[in-house]
Amino acid sequence: MSGYGVFSVAGGAPRIGWRDGDEVVDLSALGAIYAQPSLNALMALGPTAWGESLARARVHDGPRVPLGAATLQLPFEVADYVDFYSSLEHATNMGRLFRPDADPLLPNWRWLPVGYHGRAGTVVVSGTGVRRPRGQLKLPDSDAPVYAPSRRLDIELELGFVVGVPSPLGEPVPAERFADHVFGVVLVNDWSARDIQAWEYVPLGPFLGKSFQTSISAWVTPLALLEARRVEAPQQEPPVLAHLAAGRDWALDIDLEVELNGEVISRGNARTLYWTMPQQLAHATSNGASLRTGDLMASGTISGPDPGSEGSLIELTHNTSFLDDGDEVVLRGKAGELELGEVRGRVLPAV
Ligand code: MN
């Protein structure tokens, strides 16, 4: 396990640390940029500085804190948050559930990575409890909705990337420039209230069914550490438009797991995603929208082709079983010897 995070120890100011196994190496002696309560200033520096930083962080002989003695914080200030829908299997499974009589994929799906803008201010660090949200639910035996606690609270297993280097307004960022802008990756749990979502999402997409909370790992894995895990993404058919065609060599061979109350209930791999991270970035900026340091872009639920590799309960249980109060979910990712930071969260009862 390695990666950058922000931690504090009793009475001390938050600072940047490097996770090394079960310890956190305090990097604050390396310079003022490491004595800050977020990774944003480091992330804004760009690939040359990131390479130097990584080389220093991994051998730094700073004070070591046992993980149990460190309070972990959100590792970066989230600027904008985008969530995609890039797994072919997930989109197909959801289409079958919600539109059983139609083609499960809508006509645009193979032409662009479908996504929506989420709520940056409710992204929280792993370990934060998730309060069961209230919202409008339209129960099947009623003509009018009620305002009540969600009965269908779900998880979404996702991989997110975080932007370091911003881009100017009006200038698309091509997929080939992905590694010039993107600092690293985190695991993401996009908690989803399926009943709120089902009633509200037409025609503008997810809103309150997802914005109540999104959890990310406390540790950001630098892109450079994943270089050896890059593989070719699955074939795209039909071929996509030229401005989205590059970056197909950026699928990541990362084994993924969902654990519910101590039991592994799903195993998959991020390499099955139909749209890659560079394609997502290229699409998100293809209209000239600028990037900001701290922008978080998540893949969408990662579901594989095999039973038991689905990244949400609605798929794993065929829409029959969801989270109970007190349930604890942990998402894990492993790229060979390299472990990503886990995402842990326990369901708290509605207030
Ligand atoms: Mn999602």
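Modeller: Two strands count as paired if DSSP finds at least two bridges between them. The model we discuss is predicted.

Colleague: Over how many bridges do strand 1 and strand 5 pair, and which residue is the bridge partner of serine 8 in strand 5?
Modeller: Strand 1 and strand 5 run antiparallel and share three bridges. One residue to look for is serine 8, which has its bridge partner in strand 5. That partner is threonine 71.

Colleague: Which are the edge strands of the open sheet of five strands?
Modeller: The sheet has antiparallel pairing and the order 4-3-2-1-5. An edge strand here pairs on one side only. On average, neighbouring strands are turned by 45 degrees against each other, direction ignored. The edges are strand 4 (64–66) and strand 5 (71–73).

Colleague: At about what angle does helix 2 run to strand 1?
Modeller: Helix 2 covers residues 47–59 and spans 19 Å between its first and last C-alpha, close to the 18 Å expected. It lies across strand 1 and strand 2. Its angle to strand 1 is about 75 degrees.

Colleague: Why do the buried residues of helix 2 lie on the same side, and what arc do they cover?
Modeller: The buried residues are Trp50, Ser53, Leu54 and Ala57. An α-helix has 3.6 residues a turn, so residues three or four places apart point the same way. The buried residues of helix 2 are on the same side because their arc around the axis is only 105 degrees.

Colleague: Which exposed residues sit on the face of helix 2 turned away from its buried side?
Modeller: The buried side is covered by elements including strand 1 (2–8), strand 2 (15–20) and strand 14 (182–189). Exposed means over 50% relative accessible area. On the face turned away, the exposed residues are Thr48 and Val59.

Colleague: Which residues are the protein donors of the manganese ion?
Modeller: Their spacing in sequence is D-x72-E-x1-E-x31-D. They lie 2.1 Å from the ion. They are Asp83 (OD), Glu156 (OE), Glu158 (OE) and Asp190 (OD).

Colleague: How many residues apart in sequence are the parts tied together by aspartate 83 and glutamate 158?
Modeller: Aspartate 83 is buried at 1% relative accessible area. Glutamate 158 is buried too, at 0%. Aspartate 83 belongs to strand 6 (residues 81–84) and glutamate 158 to strand 13 (residues 157–163), so the pair ties together parts whose separation in sequence is 75 residues.

Colleague: In the hairpin of strand 20 and strand 21, what is the phi of asparagine 261 near?
Modeller: The two strands pair in the antiparallel sense over six bridges. Leucine 260 stands opposite glutamate 263. Two residues lie between the strands. Asparagine 261 is not a glycine, yet its phi is positive, near 50 degrees.

Colleague: Is histidine 318 buried or exposed?
Modeller: Histidine 318 lies in the loop between helix 8 (313–316) and strand 23 (328–335). Its phi is positive, near 50 degrees. The cut-off for exposed is over 50% relative accessible area. At 62%, histidine 318 is therefore exposed.

Colleague: Which residue does a cis peptide bond join to valine 202?
Modeller: The bond has an omega of about -5 degrees. The residue sits in the loop between helix 5 (194–200) and helix 6 (208–211). It is proline 203.

Colleague: What is omega near for the peptide bond from glutamate 237 to proline 238?
Modeller: Proline 238 is in the loop between strand 18 (230–231) and strand 19 (251–252). The bond is cis, with omega near 0 degrees.

Note on methods
Residues numbered from 1 in each chain as written. Predicted model: local features only at pLDDT ≥ 70, side-chain atom pairs only at ≥ 80, totals over all residues. Heavy atoms only, no water. Helix = DSSP H or I, 4+ residues; strand = E, 2+ residues; numbered from the N terminus. Expected span 1.5 Å × (residues − 1). Buried < 20%, exposed > 50% of the residue type's maximum accessible area, 1.4 Å probe, protein only. Arc of directions from axis to C-beta. Contact = heavy atoms within 4.5 Å. Donors = N, O, S within 2.8 Å, 3.2 Å for Na, K, Ca; no water. Axes fitted to C-alpha atoms, helices over the stretch in contact; angles between N-to-C directions.
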